[in-house]
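Welcome! Open your viewer, get comfortable with the selection tool, and follow along one stop at a time.

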Amino acid sequence: MFKIQIEKIEAKIVKHIESCPDYQAKNTILQSMKGIGKIAAASIISNLPELGYINSKKASALVGVAPMNKESGRFKGMRKIQGGRHQVRTVLYMAMMSAIQSNPIFKETYQRLVAAGKPKKVAIIACVRKMVVTLNSMLRDGVMWEAPKAQI
């Protein structure tokens, strides 16, 4: 019962994205990055329409992956993520799990952070923030994902 309803809703979302040229262009750009699939792209398009029109700090804060500090006087606390749109953050967290496996840029960043002693979840959230910043600039400039070439 629920499976059928989910399939119908997903079909409607795909149909809506295909009917609008602006959404089609965004969908193509978003899915050009390894790790971002149909679900993640649809979630970003529907829940984060500001992406591509705001700066990187606002984009990462809007998703809720920007480190926020709580300091007062001599007290120095650890920075934590807070707020933001949790639906997009959850989808991008799962997309990052895939991207760490298939995207060499995020794989290298994740491995470097873990090797530096960061907890794995912290490293994943840091990679999600990097992904949001990259997607924001890709949508702003209208360019497809292009992994940097290996230097010789």
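Which residues touch the most other members of the largest nonpolar core? Select Ile36, Leu92, Met96, Met131 and Leu135 to see them; the core they belong to has 35 residues. Keep in mind as you look that this is a predicted model.

**Stop 1: who builds the core**

Now colour the helices that feed this core. α2 (21-31), α3 (38-47), α4 (56-63), α5 (86-102), α6 (104-115) and α7 (120-141) each give it at least two residues. The largest share comes from α7, with 10 residues.

Next, pick Ile36 and show what surrounds it. Setting aside residues up to four places away in sequence, Ile36 touches Leu30, Gln31, Ala41, Ile44, Leu92, Ala95, Met131 and Leu135. Among these are Leu92, Met131 and Leu135, which you selected a moment ago.

**Stop 2: α3 against α5**

Select α3 and α5 together. Their axes come within 10 Å and cross at roughly 155°. Angles over 145 degrees count as roughly antiparallel, so α3 is roughly antiparallel to α5. The crossing of these two helices, α3 and α5, is left-handed.

To see where they meet, show side chains on both. From α3, choose Ile39, Ala40, Ser43, Ile44 and Asn47; from α5, choose Gln87, Val88, Val91, Leu92 and Ala95.

**Stop 3: α2 against α7**

Now switch to α2 and α7. Here the axes are 10 Å apart, and the helices pack at an angle of about 135°. How are α2 and α7 oriented to each other? They are oblique. This time, α2 passes α7 in a right-handed crossing.

Show the side chains at this meeting place too: Lys26, Ile29 and Leu30 in α2 meet Leu135, Met138 and Leu139 in α7.

**Stop 4: two residues on α7**

Stay with α7 and click on Val128, which lies in this helix. Is Val128 buried or exposed? Its relative accessibility is 0%, so Val128 counts as buried. Leaving out neighbours within four places in sequence, Val128 is in contact with Val65, Leu92, Tyr93 and Met96. Try a distance label from Val128 to Met94 as well: they are 34 residues apart in sequence, and their C-alpha atoms are 9.5 Å apart in space.

Then move along to Asn136, also placed in helix α7. With a relative accessible area of 0%, Asn136 is buried. What is Asn136 in contact with, leaving aside neighbours within four places in sequence? Select Leu51, Gly52, Tyr53, Ile54, Asn55, Ser56 and Ala59 to light up its contacts.

**Stop 5: out along α1**

For the last stop, select α1, which covers residues 2-19. This helix has 18 residues and reaches 26 Å from its first C-alpha to its last, close to the 26 Å expected at 1.5 Å a residue. How many of the 18 residues in α1 are buried? The count is one, and α1 is hardly covered.

Finish on Ser19, which lies in α1. At 54% relative accessibility, Ser19 counts as exposed. Draw one more distance label, from Ser19 to Gly142: these residues are 123 places apart in sequence and 19 Å apart in space, C-alpha to C-alpha.

How values were computed
Residues numbered from 1 in each chain as written. Predicted model: local features only at pLDDT ≥ 70, side-chain atom pairs only at ≥ 80, totals over all residues. Heavy atoms only, no water. Helix = DSSP H or I, 4+ residues; strand = E, 2+ residues; numbered from the N terminus. Expected span 1.5 Å × (residues − 1). Buried < 20%, exposed > 50% of the residue type's maximum accessible area, 1.4 Å probe, protein only. Core = buried A, V, L, I, M, F, W, Y, C linked by side-chain atoms within 4.5 Å. Contact = heavy atoms within 4.5 Å. Axes fitted to C-alpha atoms, helices over the stretch in contact; angles between N-to-C directions. Parallel < 35°, antiparallel > 145°, perpendicular 65-115°, else oblique. Left-handed = near helix turned anticlockwise from the far one by under 90°.
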